[in-house]
Amino acid sequence: MTKRLGELLIQAGKITREQLQEGLAAQKESGARLGMTLVQLGFVQDEELVEFLSQQYGVPSINIAEIDIDEAILRIIPPDVARKYTVLPISKAGAKVTVAMADPTNVFAMDDIKFITGYNVEPVVASDMALRSAIDRHYGSTHSIELKQVMEDLTETEAADLEVLDEDEDLDLAQLEEQSEEAPVVRLVNIILTDAIKRGASDIHIEPYEREYRVRYRIDGVLYEMMRPPVKLKEAITSRIKIMARLDIAEKRLPQDGRIKIKTRVANKVKDLDFRVSVLPTIFGEKIVMRLLDKDNLMLDMAKLGFEEDSLRRFEQAIFRPYGMVLVTGPTGSGKTNTLYSALGRINTPEVNIMTAEDPVEFNIQGINQVQMKESIGLNFAAALRSFLRQDPNIVLVGEVRDFETAEVAIKAAMTGHLVLSTLHTNDAPSSINRLMNMGIEPFLVATSVHLVVAQRLIRRICTYCKEPLQVPETALTNIGFSTEEARNLNLFRGQGCERCSNTGYKGRLGLFEVMEIDDEVRELILSGASAYELRQKAVQNGMLSLRESGLQKIRDGVSTLEEVVRETVS
């Protein structure tokens, strides 16, 4: 095919024999297709090549960028096969699938696709570059990076655009000079970090397995596979990240935690960012998870977090009280820290002394005294709280109430004229009360000190750029809590999928909130030893919206979907 295509292009007067020889030499070095190599060298235009192939082989040509492909069609061909052969399924009719190909004569590709899918293949020709872009777009921009390709695509400017700050210059790197400090490894790690920032990822997972090594990003709460670096680079990549996070590169048997502070340019703006690094030994090597802490993503405007109007009013009333305890509950990654920081931002004035005990300190906030916990030297939440009470505080934030000792000191602080904000790991607001009592706190102390409990979850927001109406059966709506009358008249939406949301249909997240106010009636129930179910019933009678009801409101407002609400709440 290579020689034949070249000869045909010469016969058609598209290129000269000297250009063909130069193209063949460049192709041998790069390993790319001859057609794409000739386009990259500027000897032939991409559109010209597609038109030529179409005429020569009697295959229709298409502009892949102008075609909307159904998600069900995309699932016919696996992403790795699409990338291997640079192909994309376009449509299906009966036992035949139409496939856009850069090389319409590649019988090996067509045979493989037929074997894998069970469909007969009808080829159409499309631009190689446009196909690669479309494959990245439709299959979630997974790149499938090989280091060779990375080094071809990466410019010196991109590699130099990331600067590690506060790196320990005294660290002995002698053993790693030949591995982790080699330019390819440094550049690949830089790509992983900067690509995560550009895509708005919250976490990076670098995972070793027996025969593969993969990198995943968590975007809007969902993990997406982004690349598979060569397994042979596993140790070098791990060592490079450990050096950046100032961890012990010789220790491979124990978990380690560290932090990377970087400066990089994103969208022509220089940003200082932190990555919280966790290294965990697994049977095939060390798994690394990096939490991206971007202050620009910290939402301090409480009105934009997703609170319903009445829930927000109750929450603000509680945090403006001079004393008492406010608890925010939910699983890891549900946005508790963001809610607490938003509350602190709302009440942070020069007239008050705010102190926080955090593990770890995720964001530095001006005007607030933040303390990092260090269990290894005995500085835990309880010890920090005791010290805080001698520092004349007005408001105290405790990262998490984990045990009786911390709960006891926090309760006493709340009862002696301090406003205490903290988090708990419980499923909903009413069960937080029982959780405190199970820790050993007396019911009368819980009833008098706790003023408000907020339970929260995060759901994905419909992408505003590709939002479209959606028809859903009435039974599906009534099953999740809508009345029959409302289900008939409800307008629902979904995201169709576009470049801005990486074809997921979602862009960004917002919170579901269950705000339980501890009023006199609820206090009476706590003192009488009521169950979480009884507390919930009373709170609902007093106007509390459950997490599910908060989710239903998001559906009414057209900002999220039925699937997201069902995924994060129970009826």
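Biologist: What makes E9 and E10 a strand pair in this predicted model?

Modeller: Two strands pair if there are at least two bridges between them. Strand E9 (residues 269-282) and strand E10 (residues 285-293) are joined by nine bridges, so they qualify. They run antiparallel, and Phe275 is the residue standing opposite Leu292 in E10.

Biologist: And how many residues lie between E9 and E10 in the hairpin?

Modeller: Two residues sit between them.

Biologist: Over to E15. Why is strand E15 called largely enclosed?

Modeller: Buried means under 20% relative accessible area. Six of the six residues of E15 (residues 419-424) are buried, so the rest of the structure largely encloses this strand.

Biologist: Which residues point which way from E15?

Modeller: Leu419, Leu421 and Thr423 point one way, while Val420, Ser422 and Leu424 point the other way, and all are buried. In a regular strand, side chains alternate between the two faces of the sheet.

Biologist: What makes E11 and E14 partners of E15?

Modeller: The bridge count again, with at least two needed. Strand E11 (residues 324-329) has six bridges to E15, and strand E14 (residues 395-398) has four bridges to E15, so both pairs pass. E11 runs parallel to E15, and E14 runs parallel to E15 too. On the E11 side, Thr329 stands opposite Leu424 in E15. On the E14 side, Ile395 has Leu419 in E15 as its bridge partner. Between E14 and E15 the chain goes through helix H16 (residues 404-415), a right-handed β-α-β crossover.

Biologist: Now the charges. How do you know that Asp310 and Arg313 form a salt bridge?

Modeller: The cut-off is a side-chain nitrogen of Lys or Arg within 4 Å of a carboxyl oxygen of Asp or Glu. For Asp310 and Arg313 the N to O distance is 2.5 Å, so the pair counts. Both lie in helix H13 (residues 309-319), three residues apart, about one turn of the helix.

Biologist: Why are Asp310 and Arg313 called partly exposed?

Modeller: Partly exposed is the range between under 20% and over 50%. Asp310 has a relative accessible area of 33% and Arg313 comes to 39%, so both fall in that range.

Biologist: What about Arg314 and Glu517: buried, exposed or partly exposed?

Modeller: Arg314 has a relative accessible area of 9%, under 20%, so it is buried. Glu517, with 23%, is partly exposed.

Biologist: What makes Arg314 and Glu517 a salt bridge?

Modeller: Their closest N and O atoms are 3.6 Å apart, within 4 Å, so the pair counts. The pair links distant parts of the chain: Arg314 is in helix H13 and Glu517 in strand E19 (residues 506-517), 203 residues apart.

Biologist: How do you know that Glu71 and Arg75 form a salt bridge?

Modeller: The closest N and O atoms there are 3.5 Å apart, within 4 Å, so the rule is met. Glu71 is exposed, and Arg75 is exposed as well.

Biologist: Which residues are linked in a network of salt bridges?

Modeller: Glu207, Arg214, Arg216 and Lys287. By the rule used here, the count is 34 salt bridges.

Biologist: And the protein as a whole: how many helices and strands?

Modeller: There are 24 helices and 19 strands. Of the 571 residues, 50% count as buried. Among contacts between residues at least 6 apart in sequence, 65% join residues at least 24 apart.

How values were computed. Residues numbered from 1 in each chain as written. Predicted model: local features only at pLDDT ≥ 70, side-chain atom pairs only at ≥ 80, totals over all residues. Heavy atoms only, no water. Buried < 20%, exposed > 50% of the residue type's maximum accessible area, 1.4 Å probe, protein only. Right-handed = clockwise from strand over helix to strand, strands pointing away. Contact = heavy atoms within 4.5 Å.
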